[in-house]
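Student: I have a new structure open in front of me, and I would like to learn how to read it step by step. Could you take me through it slowly?

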Amino acid sequence: MNAPYSSRVRRRLAGAVSACAVLLGAVGLGSPAHAGATDPAEAAPTAGAALPFVTQEAEDAAHDGAVVGPDITQGTVASEASGRTAVELSAGQSVTFTLTEPANAATVVYNVPEGGEGALAVAVNGEALGLTVPVSSRHQYFEAPWIAGSTTHHFFTHGRLALERDLAAGDTVSFTADTRVTVDTADFEQVAAPAEPPAGALDVTELGADPTGQGDSTQAFVQAVAQGRGGVVWIPPGEYRVDQPLYVENVTLAGAGNWHSVVRASRFINQGESPGSVELRDFAVVGDVTERVDSAPDNFVNGSLGPNSSVSGMWLQHLKVGLWLTGTNTGLVVEGNRIVDMAADGLNLNGNADGVLVRDNYLRNTGDDALAMWSLPEANRNATFADNTVVQPNLANGIAVYGGEDITVSGNLVQDTNALGSGIALSNQAFMEPFFPLAGTLTVDGNTLVRAGAHNPNWDHPMAALRVDAYNHPIQADVRITDTTVLDSPWSAFQFVSGSGTGLATDGVTIDGATVDGVGTVVVQAETTGEVTLANVTAGNVGVAGVYNCPFPTGVPPLVLHDGGGNTGLDTEWEDCATWPQPAG
């Protein structure tokens, strides 16, 4: 996440509703914007993960509660909701969803007032099931005072429930509150029956693991991963308490499915290095992290899994970080996982990640970057974030690449970013040394950013849906941003900045092929020097102007925006560099 500008001139950007708009960035580079914004919910972006569930918004369902939002003000419950809108229920009030596909399980994303707890009673087609979703603020309301500009955040959490019956499309599912609860969304899915163990697998219950969750199963898991090297350790359906972290190498840990095999652990794997060949698949790890302590390894994986490892089909919840990866992770594949309610990052490749592929994952409600690559103390090379869905990171970026060589970010869907972050950030912010700036070719292709971008209270002005930041080093890599879709950004679409306030140059960046429909202020927010090429960018529903081009510090030349042809909707420029444009709409 970005630190504040040094001695940055205070320029206030107040309020904000999104208008709709589009991109580009030089005076006279386009024709007038079209009228009529596209509803992002109706745009049906093809980017993002293939998800096994259908998400329904509470505000679109039948309810007798009160709609909160839309609001993008940092520190409000609505600002952290999907679509920036949710439904507040008082005791006795309900929200009712009509299924669009068969389902036998539901996950409710909710908020309760700080210190509160209660339950949502469940009914199907008006008939009470005798089942409830417990609700509690235990894993909400986080603080991170050491992060400049942060406020209380992390207002939502996920509560999931097996409905104990198969429902059809057209059936209704109601949730009735017994206390004040704000419901954001409900995910409905058809969960498969528990998988059978592979032949020859070592069952952790045979070594004394307790599937009731009452006893500590740590020793059984420790013995299983040691004895099971070269084979499969099986976690049968049940709930297991693991109170101490594991060391793993050359072993597969497999469960019967992440709704069936659940491990309760706030520190599951903690190891500096491993010979590798580790496979983790098809179970849940649910922690009990109630505050963010950056020095604590409160993570699903902390350290290295080693070369040729994989993580798939996991449900990770209530941890500090899903995967904080250091050391050697060459050839690691992380795919098809759900990572929710993290106190900090969802996944962070913290240096020396060679050939890592992170794809087809769902991440929601992370308290820092959802997906990040940090090239320190070694460079990340040939690493890829592809086809992931990121929803509501509430204190940083959706996807962040800090340095590295030959990196790919493609086919991702990022929506509803909150304070201190963009949808996608490509940055040379070093954080510490040694740091390896962006190098080689960065391929940023086919990404969709919905309601992305945020007001940075440290800078006192916005961060765009997609940000290129020459923070501690100039941008000299070949940065290719292609086929981007930006929908309903509260502020701007593309930003070129030197976040340290020293005016380092951005060169070698090409934006080729972009559709921007809805920006509150400008399409291109240029705040540093250098040269950028824009081609085949279509902009519509621009709130104020096509381009803001005011370098900081003022002594450096403005960014040169080369017209590569095929651009429309960017024919106006904000002319008053002493003020920030106010969002229109």
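## Reading the strands and their surroundings

Tutor: Let us begin with one pair of strands: S7 (residues 117-124) and S10 run antiparallel to each other and are joined by 5 bridges. Please keep in mind throughout that this is a predicted model.

Student: What holds such strands together, in general?

Tutor: Strands of a sheet pair through backbone hydrogen bonds, and they do so either parallel or antiparallel. In the case before us, Ala-123 stands opposite Ser-174 in S10.

Student: Which other strand is joined to S10 by 5 bridges?

Tutor: Strand S5, covering residues 94-98, is joined to S10 by 5 bridges, and this pair too is antiparallel. Here the bridge partner of Thr-96 is Ser-174 in S10, while Ala-123 stands opposite Ser-174 as well.

Student: Is strand S10 mostly covered or mostly open?

Tutor: Strand S10, at residues 172-177, is mostly covered, since 5 of its 6 residues are buried.

Student: In what order do the strands of this sheet lie?

Tutor: The order is S2-S5-S10-S7-S8, which makes an open sheet of 5 strands with antiparallel pairing. Its edge strands are S2 (62-63) and S8, each of which pairs on one side only. Strand S2 is joined to S5 by 2 bridges in the antiparallel sense, and within that pairing Ala-62 has Thr-96 of S5 as its bridge partner.

Student: What would a sheet with parallel pairing look like in this model?

Tutor: There is an open sheet of 12 strands with parallel pairing, and its order is S18-S21-S24-S27-S30-S33-S37-S43-S45-S47-S49-S51. At its edges stand S18 (269-271) and S51 (573-574), and because each has a single partner strand, one side of each is left without a neighbour in the sheet. To see one pairing in detail, look at S45 (residues 494-497) and S47 (residues 522-526), which run parallel and are joined by 3 bridges; there, Phe-494 stands opposite Val-524 in S47.

Student: How should I step back and read the protein as a whole?

Tutor: A reader can begin with the count of secondary structure elements, which here comes to 1 helix and 51 strands. The radius of gyration is 24 Å, close to the 25 Å that the globule rule gives for 585 residues, so the protein is as compact as a globular protein of that length. Taken along the principal axes, the C-alpha atoms fill a box of roughly 70 × 55 × 40 Å. Of the 585 residues, 60% count as buried. Among contacts between residues at least 6 apart in sequence, 77% join residues at least 24 apart.

Student: What can be said about the second largest pocket?

Tutor: The second largest pocket has a volume of about 650 Å³. It is lined by 26 residues, and the closest to its centre are His-158, Arg-264, Val-286, Gln-317 and His-318. Strands S8 (127-136), S9 (157-167), S15 (238-241), S17 (261-264) and S23 (315-317) each supply at least two residues of this lining. By character, the lining divides into 9 nonpolar, 12 polar and 5 charged residues.

Student: Where is Ser-277 found, and which residues does Ser-277 touch?

Tutor: Ser-277 is found in the loop between S18 and strand S19 (278-281). Leaving aside residues up to four places away in sequence, Ser-277 touches Asn-250, Val-251, Leu-305, Pro-307, Asn-308 and Ser-309. Its relative accessibility is 39%, so Ser-277 counts as partly exposed. As for distance, Ser-277 and Trp-580 are 303 residues apart in sequence and 52 Å apart in space, C-alpha to C-alpha.

Student: Which details of the backbone deserve a closer look?

Tutor: One kind of detail is the cis peptide bond, and the bond from Gly-69 to Pro-70 is cis, with omega near 5°. Pro-70 lies in the loop between strands S3 (66-68) and S4 (86-89). The bond from Leu-376 to Pro-377 is also cis, with omega near 0°, and Pro-377 is placed in the loop between S30 (371-374) and S31 (384-386).

Student: Where does phi take a positive value in a residue other than glycine?

Tutor: Glu-164 has phi near 65°; this residue is found in strand S9 and is exposed, with a relative accessible area of 62%. Asn-382 has phi near 55°; Asn-382 sits in the loop between S30 and S31, and at 44% relative accessibility it counts as partly exposed.

Conventions:
Residues numbered from 1 in each chain as written. Predicted model: local features only at pLDDT ≥ 70, side-chain atom pairs only at ≥ 80, totals over all residues. Heavy atoms only, no water. Pairing = 2+ DSSP bridges. Helix = DSSP H or I, 4+ residues; strand = E, 2+ residues; numbered from the N terminus. Buried < 20%, exposed > 50% of the residue type's maximum accessible area, 1.4 Å probe, protein only. Contact = heavy atoms within 4.5 Å. 1 Å grid on protein atoms, 1.4 Å probe; cavity = no way out; pocket = protein on both sides within 12 Å on 5 of 7 lines; lining within 4 Å. Points joined across faces, edges and corners; volume = space filled by probe spheres on them. Nonpolar A, V, L, I, M, F, W, Y, C, P; charged D, E, K, R; others polar. Rg over C-alpha atoms; globule rule 2.2 N^0.38 Å.
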